[in-house]
Amino acid sequence: TPCAGAVTALCARRYAVEDVPFSVPAASETADLSHLINKLLAAGDADHKYVEFDFLINGQFLRMPLVTHMEMENISTEEVVEIEYVEKYMAPQPEECIFHDDWISSVEATEEWILTGCYDQTARIWSLEGKSIMTIAGHTEVVKDVAWVKQDSLSCLLLSASMDQTILLWEWNVEKNKVKALHCCRGHAGSVDSIAVDCTRTKFCSGSWDKMLKIWSAVPTDEEDEMEEAANRPRKKQKTEQLGLTRTPLATLSGHTEAVSSVLWSDAEEICSASWDHTIKLWDAETGDLKSTLTGNKVFNSVSYSPLCRRLASGSTDRHIRLWDPRSKDGSLVLLSLTSHTGWVTSVKWSPTHEHQLISGSLDNIVKLWDTRSCKAPLYDLAAHEDKVLCVDWTEAGLLLSGGADNKLYCYRYPATASDVGA
Amino acid sequence: LQDIRNTVGNIPMEWYQDFPHIGYNLEGKKIYKPIRNKDELDMFLEKMENPDYWRTVQDKMTGADIKLTDEQVDLVHRLQKGQFGDVHFNPYEPAVDFFTHEVMIHPVTNRPADKRSFIPSLIEKEKVSKLVHAIKMGWIKPRKPKDDTPTYYDLWAHEDPNSILGRHKMHVPAPKMKLPGHEEAGAAAPRHPGVRPALPTPVPSIPQKLAWEQQEPAERKLNFVPQQYRCLRAVPAYSRFIHERFERCLDLYLCPRQRKMRVNVDPEDLIPKLPKPRDLQPFPTTQALVYRGHTSLVRCLSISPSGQWLASGKDLLPRRSDDCTVRFWEVCTARCMKTVPVGGVVKSIAWNPNPTICLVAICVEQSVLLVNPCLGDKLLCGATDQLLESYVAPEEERVQPVQWVTATVEEHSKGIRLVVQHSKAVKQVTWHGKGDYFASVVSDNSNMQVLIHQTSKRWSQNPFRKSKGLVQCVLFHPIRPYFFVATQRYVRIYNLLKQELTKKLMTNCKWVSSMAIHPGGDNIICGSYDSKLAWFDLDLSTRPYQLLRHHKKALRSVAFHKHYPLFASGSDDGTVIVCHGMVYNDLLQNPLLVPVKVLKGHVMTLDLGVLDVLFHPTQPWVFSSGADGTVRLYT
């Protein structure tokens with residue numbers, strides 16, 4: 001049975017067709033619709049090249065025959081249905097595979113360099129081409145998280161958090177390619193699992209297994225903070241061996257009842273933390289007050305915030321990625337669940353440029369690229385890893401990074417990341 | 001004849017019984033009763049002698065005797081015969097017809113007809129007018145035409161055609177007779193050469209025939225001897241046919257048949273109503289992580305009190321000597337953080353439950369190693385070392401059942417701090433909740449099987465004077481000073497303060513393998529090698545509250561969760577069964593046990609499946625270690 005469909009272009013001006021209702025066969029799939037549009041475009045423009053399109057009905061990607069989709073969404077085939085189309089996202093192109101000596105626990109990339117934290121107690125800096133530039137050794141335990149603080153052409157500031165309960169603030173002289181530990185942030189009583197730098201690049205927050213969040217200054221100074229030592233603790237040689245000057249936290253946020261697995265700054269003055277106690281808590285960074293709590297029913301491994309769509313995405317110890325509205329007052333409403341992984345979701349990251357897209361890494365060795373408008377199936381599966389995926393990142397330049405327990409860091413180029421809203 | 005008419009009238013003459021007179025005559029004089037002075041004898045004599053006695057009657061009115069005359073006697077006789085009293089009366093005189101059937105020419109009477117015969121009757125007119133008036137007023141209905149339809153009715157109209165009535169309701173069909181078979185058909189008749197015989201020869205041999213003859217007719221399997229015939233045409237008519245029909249009829253008639261009343265119960269109703277597993281979430285459902293690294297079966301598991309680290313020990317003598325290790329894993333990533341070579345078979349491992357002490361007790365061969373894994377908070381690890389080093393030996397040497405040895409420098413670098421050397425192989429170690437005392441079980445038959453050690457004082461003692469059987473495992477009560485000792489069939493509970501036996505639990509199992517206690521302290525579970533799991537409610541009874549037989553093979557390990565109402569059992573069949581075990585604070589409500597999930601994943605190796613199960617201290621996750629050399633986490 002044919003069904004009427006008004007095909008409207010949302011994609012770009014150059015792919016616009018006339019806004020006339022078409023009768024489309026009900027059994028047609030994305031490819032058929034794509035052919036139709038291309039024919040229309042070719043009729044209007046002689047030197048049109050074939051472009052593949054993706055189609056949206058009421059904000060949901062069309063992933064099956066039209067009639068099946070409409071049955072599932074309870075849309076009548078008698079009425080005129082608006083089908084939007086966008087240029088099909090190109091598959092991410094694999095670029096580099098960077099070999100490490102041990103499991104990769106964390107990754108953060110900028111326009112020029114990639115910083116990874118590794119289970120061999122080092123943090124490493126790589127160029128985008130996969131060339132090893134620097135190995136930062138100093139921790140006595142596994143490096144759990146890394147972060148860039150500041151970069152300029154001469155020197156960079158970066159952070160590494162480790163299971164040895166410290167966070168080190170490093171200064172990397174790019175020209176001389178020398179690295180120096182400026183500060184050793186001490187105060188946590190457990191492995192520091194997550195760090196996040198605020199948008200002013202002067203503060204950072206850390207979450208630890210000891211259930212605490214601590215806020216530290218990220219500005220290098222020449223002074224050393226006094227550390228009050230427990231009376232019974234012997235003054236060990238550890239003190240003399242320590243790298244950099246001791247730094248103590250500016251503030252401590254306590255409230256979680258289990259280990260904190262992930263922290264981020266969702267705003268200039270707002271910290272969001274995910275924990276093993278099945279909650280995501282939002283804190284006021286200035287006052288240290290707890291603003292609100294989102295309660296789930298599984299341990300949270302990772303959380304990510306997109307300022308574009310103002311949603312939190314969380315990965316937990318089940319198969320689902322859940323989207324939350326951090327501003328909702330009732331607290332525990334999951335907006336959307338993205339389900340396709342078969343193992344724990346260890347890491348999620350929103351696209352910095354696209355309001356609908358995110359990537360996720362999981363213990364099932366697969367990195368998935370999602371569009372929230374297609375919640376039943378991901379856009380692409382990046383199945384390169386041979387072992388658990390532990391970390392993912394997405395840079396503004398459109399680079400997807402994932403590292404895992406197979407000691408490899410995979411980089412993908414994903415060009416079509418411009419948000420298509422309003423185009 | 002004197003007229004002695006009595007004037008009393010027709011009254012019962014008995015009224016005058018007591019008077020001398022009998023009434024009054026016409027003049028009003030009393031009539032006296034005749035004098036009767038005859039006695040019985042005189043009466044008899046008179047009866048015998050007086051020839052007229054039979055015709056003498058007594059006049060009741062006067063009391064006088066009257067002798068009946070011949071005419072009177074005749075009259076009596078005639079009346080007795082039913083004849084008329086008058087001899088001359090003829091009742092059957094010929095009748096004379098007054099009106100004859102012949103029409104006469106003259107009227108019988110000469111009377112002229114009345115006037116009223118010629119005028120309409122006034123009375124009739126009144127009656128007719130009354131009727132007419134009544135009909136007009138509708139008081140009288142004119143006669144209806146007669147209904148000709150027959151007046152029979154349906155006797156069974158009000159009966160339900162589907163219901164079965166009385167006798168038919170109780171109808172029991174006659175038992176079916178066996179259909180005739182090959183024996184009756186002269187089974188052994190030679191068949192067509194191409195056809196395979198359906199039966200081996202059913203014709204009995206001679207001893208079989210003799211045996212048949214000796215049997216009681218009721219006991220015979222067949223009531224005739226099968227015979228062989230040349231062909232089917234030669235089979236004669238069955239001679240006992242009528243006889244057997246008759247016996248069958250007798251059977252049906254005389255033998256009471258009864259309908260067997262089967263209780264029609266839906267088997268589903270007999271299953272106790274348990275809540276659905278999905279209402280009992282959270283509980284582990286899927287395998288999340290596999291901890292690979294061990295080369296052969298992983299005998300034991302232990303988890304740090306914070307839930308960040310997992311320790312596993314390997315059993316079975318290794319092929320390479322450097323392979324005897326205890327591994328420490330990061331729980332959330334399955335990363336092996338540390339490998340401590342211990343140089344022997346590890347039978348049991350126990351992490352100190354005190355969160356301020358970082359110490360693991362490991363059973364290796366004949367000794368218990370106290371290992372500081374240096375994982376977690378550096379301060380705590382340092383404090384633990386300090387605590388162990390702060391020991392000051394007592395001045396006089398005490399006799400101890402074991403030897404406490406400080407680790408060598410080389411061992412110290414591996415993390416080993418103290419070695420408690422036993423005389424025999426140690427098979428289990430368990431900590432007291434406070435983390436200072438621990439108990440070890442030695443494979444031995446003597447009273448030295450169970451030893452309790454104090455870490456801070458490096459002091460060991462043997463709590464039992466006598467051996468009560470082969471001790472399988474021991475356990476400290478989480479709150480109270482009780483000590484549980486499981487032998488092969490019993491669990492004994494000792495009070496450590498009073499130093500006496502408090503209770504003895506009968507497990508109803510052949511061989512107890514493992515034991516775990518509910519964090520509340522009032523319930524324990526025992527797994528046994530005969531694939532049973534016994535749940536004891538200590539307040540209820542010394543016998544199992546429930547005996548669960550979910551596993552197909554021997555249970556190796558049982559575990560309780562610290563916070564969630566969950567318990568798990570691992571078995572040789574390669575599965576872990578997680579059950580919901582809710583203990584209520586209300587003493588009247590019995591624990592609710594619901595099996596919720598069977599977790600599979602371990603590969604069977606050497607006929608062994610799961611060797612140890614362990615719950616995460618804070619999350620509803622369960623670890624299992626298997627003979628395939630892996631540790632698995634289910635969430």
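Modeller: In this model, two strands pair if DSSP finds at least two bridges between them; strands (E, at least two residues) and helices (H or I, at least four) are DSSP runs, numbered from the N terminus. The model is predicted: local features need pLDDT of at least 70, side-chain atom pairs need 80 or more, and totals for chains, interfaces and linings use all residues. Residues count from 1 along each chain as written, chains are lettered from A and ligands numbered from 1 in the order written, and side-chain values use heavy atoms, without hydrogens or water.

Biologist: Over how many bridges do β21 and β22 of chain B pair?

Modeller: Both strands belong to an open sheet of four, ordered β19-β20-β21-β22 in chain B, with antiparallel pairing. The edges are β19 (473–476) and β22 (500–506), each pairing on one side only. Strand β21(B) covers residues 490–495, and its antiparallel pairing with β22(B) runs over six bridges.

Biologist: And which residue of β22(B) does I493(B) stand opposite?

Modeller: Look across to β22(B), which spans residues 500–506. There, the residue opposite I493(B) is K503(B).

Biologist: Is S306(A) buried or exposed?

Modeller: Find S306(A) in strand β24 of chain A, residues 300–306. Buried means under 20% relative accessible area, exposed over 50%, and partly exposed in between (1.4 Å probe, protein chains only). With a relative accessible area of 1%, S306(A) is buried.

Biologist: Which residue forms a salt bridge with R124(A)?

Modeller: A salt bridge puts a side-chain nitrogen of Lys or Arg within 4 Å of a carboxyl oxygen of Asp or Glu. R124(A) sits in strand β9 (122–127), and its partner is 23 residues away in the loop between β6 (93–99) and β7 (104–109) of chain A. R124(A) is buried at 9%, while the partner counts as exposed at 58%. With closest N and O atoms 3.0 Å apart, that partner is D101(A).

Biologist: Why does the D385(B)–R417(B) pair tie together separate parts, and how many residues apart are they in sequence?

Modeller: Their side chains meet in a salt bridge, 2.5 Å from N to O. Both count as buried, D385(B) at 15% and R417(B) at 8%. D385(B) lies in helix α8 (378–389) and R417(B) in strand β14 (416–421) of chain B, so the pair joins parts whose separation in sequence is 32 residues.

Biologist: Where does the UniProt annotation "repeat: WD" fall in chain B, and how far apart are the end C-alpha atoms?

Modeller: The unreviewed UniProt entry places this repeat at residues 548–578 of chain B; such annotations may be inferred rather than shown by experiment. That stretch is 0% helix and 52% strand. Its end C-alpha atoms are separated by 12 Å.
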